[in-house]
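Here's a quick walk through one protein model, starting with how its parts meet and then stopping at a few residues worth a look.

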Amino acid sequence: MIQDKKIVFSGVQPSGNLTIGNYLGAIKNFSRFSEDYKTFYCVVDLHAITVRQVPAELRRRTYETLALYMACGLDEKKNTLFVQSHVPAHAELGWMLDCYTMFGELSRMTQFKDKSAKHSQNINAGLFTYPTLMAADILLYQTDLVPVGIDQKQHLELARDIAMRFNQIYGDTFTVPEGYISTDTMKIMSLAEPTSKMSKSDENQNAVVYILDSKDDIIRKFKKAVTDSDSCVKYSEDKPGVSNLITIYRAFTGKSIEEVEREFDGRGYGDFKLAVGEVCADGLAPVREEFSRLMADKSHLEAVMKAGADEAAYYARKTMSKVRRKIGFVN
Ligand code: TRP
C-alpha cells in the first residue's frame with residue numbers, strides 16, 4: 001500500500017474526565033483532518049501512569065477516551081484509533097530517544113515543573129521523560145502535523161529538536177513534525193479562576209465543565225462563573241472571566257466577538273451566563289448521547305482498538321526497522 005497522504009498524529013490521556021477545554025482546544029478539531037490526511041489518534045495510557053492511577057479507573061477511562069473520540073465525530077473507518085500500550089514500539093522508541101535527549105532540555109519543560117510541584121511525593125523518572133515518550137509517539141508514524149492545545153507547544157518543539165538531532169547524526173530518519181495549534185478557541189480558562197487554564201484535575205468542580213456533564217450541571221456551573229464588577233459583555237484583557245465566556249460562546253455558535261458583544265449589549269451577566277450554559281449544553285448533547293451508546297457496547301470498542309493497533313503497528317514497524325539499522329542494532 002502506497003502512503004501518499006500526509007500524516008496527522010495526536011494523543012489524549014485517559015486520566016481524569018475530559019473537559020470542554022480538551023474538546024474545543026483539541027478533539028473537536030481532529031475530525032477536520034480525516035479526509036486529507038492519514039490520521040492516528042491515540043489514547044496515551046503509558047503517559048497516564050506518570051501519575052498514580054487506580055487500575056480499574058485507568059481501564060474504564062481508556063474505553064471512555066476511545067468512545068469519546070468516536071462520539072466527537074472520529075469515524076473509526078477514516079481514522080486509526082488505538083491505545084498506546086497496544087503498540088509496544090512506543091515504549092521502545094521512547095527509550096531510544098531518551099538517549100538523544102538532554103537532561104537540561106527535560107529540566108526546562110514547564111509541564112514537568114508544574115507536575116512535580118503538584119505531585120511532590122511522586123516525582124518519578126517517567127514524569128521527567130514524559131516528553132521523549134511523546135516525541136516517540138509522534139516520530140514513530142513519520143508525522144507531519146500534530147494538532148494539540150497550546151499547552152503542548154513546548155513538548156512539540158522538543159520533539160522537533162530530537163528529530164532534527166537524530167537526523168543530523170544518522171541521516172534522514174524522521175519527518176520533522178509541525179504543530180497545529182488552533183488559534184481561535186485554543187485556550188479555555190477555569191470558570192472560577194479565569195486567569196488559569198481549565199484543568200481536568202482541578203479540585204474545584206465548579207471551575208471545570210466536563211464534556212459528559214448533564215445539562216443542569218453545565219448551566220449551574222456557568223451561572224456561578226466568575227466575572228467582574230461591571231456588567232458589560234465585552235471582550236478585553238482586563239475582563240478575563242467575561243472574555244473566557246465569550247470564547248466559549250463563540251466556539252459553540254460560530255459567532256464573532258463583535259456579534260456576541262452586540263447580542264448581549266445592555267443585557268447584563270445573568271442573561272449572558274445562562275445563554276453560554278445553554279449553547280454549551282446543547283452543543284454537547286449529541287456527543288453525550290453517542291458516548292453512552294458506544295459505552296454500552298464494549299466488544300465493539302475492543303474491536304476498534306484492536307484494528308487500530310494492528311494498523312498503527314504496521315506503520316510503527318517500518319520506522320523501527322529503519323531506526324534500529326541506523327543506530328547499529330543487529331537485525
Ligand atoms: N501530552 C499530551 C497532553 O497531555 C498528550 C500526548 C501524548 C500527545 N502523546 C502525544 C499529544 C502525541 C500529541 C501527540 O495533552
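Domain 1 and domain 2 bury about 1,100 Å² between them, and 82% of that area sits on carbon and sulfur atoms. Keep in mind that this is a predicted model. Which three residues give the biggest share on the domain 1 side? That would be Ile20, Tyr23 and Ala71, which supply 44% of the area domain 1 buries against domain 2, more than any other three residues.

As for who is who, the domain assignment gives domain 1 as 7–181 + 297–327, while domain 2 is 205–292. Their centres, taken over C-alpha atoms, are 31 Å apart. The contact draws 12 residues from domain 1 and 14 residues from domain 2.

What about charge pairing across the interface? The rule finds zero salt bridges between domain 1 and domain 2. Polar contacts do turn up: two residue pairs, both at pLDDT 80 or more, link the two domains this way. On the domain 1 side, α1 (20–30) and α3 (55–71) each put at least two residues into the surface that touches domain 2. Sorted by class, that side of domain 1 has eight nonpolar, two polar and two charged residues.

Now for some single residues, beginning with how much of each one is accessible.

| Residue | Relative accessibility | Class |
|---|---|---|
| Asp217 | 28% | partly exposed |
| Asn244 | 4% | buried |
| Gln142 | 18% | buried |

Asp217 belongs to helix α9, residues 215–223. Its 28% lands in the partly exposed class because that class runs between the 20% and 50% cut-offs. If you want a long ruler across the model, try Asp217 and Leu139: they are 78 residues apart along the chain, and their C-alpha atoms are separated by 40 Å.

Asn244 sits in helix α10, residues 240–253. At 4% relative accessibility, Asn244 counts as buried, since the cut-off is under 20%. So what does Asn244 touch, leaving out residues up to four places away in sequence? The list is Lys187, Ile188, Met189, Ser190 and Leu191.

Gln142 is the one to check in your backbone plot. It has a positive phi of about 55° although it is not a glycine. You'll find Gln142 in the loop between α7 (125–140) and β4 (145–147). Is this loop residue Gln142 buried or exposed? Buried, because its relative accessible area of 18% falls under the 20% cut-off.

Note on methods. Residues numbered from 1 in each chain as written. Predicted model: local features only at pLDDT ≥ 70, side-chain atom pairs only at ≥ 80, totals over all residues. Heavy atoms only, no water. Domains from an automatic or database assignment. Contact = heavy atoms within 4.5 Å. Buried area = accessible area lost by both parts, 1.4 Å probe. Salt bridge = Lys/Arg side-chain N within 4 Å of Asp/Glu carboxyl O. Polar contact = N/O pair within 3.5 Å; in protein donor to acceptor, adjacent residues only side chain to side chain. Helix = DSSP H or I, 4+ residues; strand = E, 2+ residues; numbered from the N terminus. Nonpolar A, V, L, I, M, F, W, Y, C, P; charged D, E, K, R; others polar. Buried < 20%, exposed > 50% of the residue type's maximum accessible area, 1.4 Å probe, protein only.
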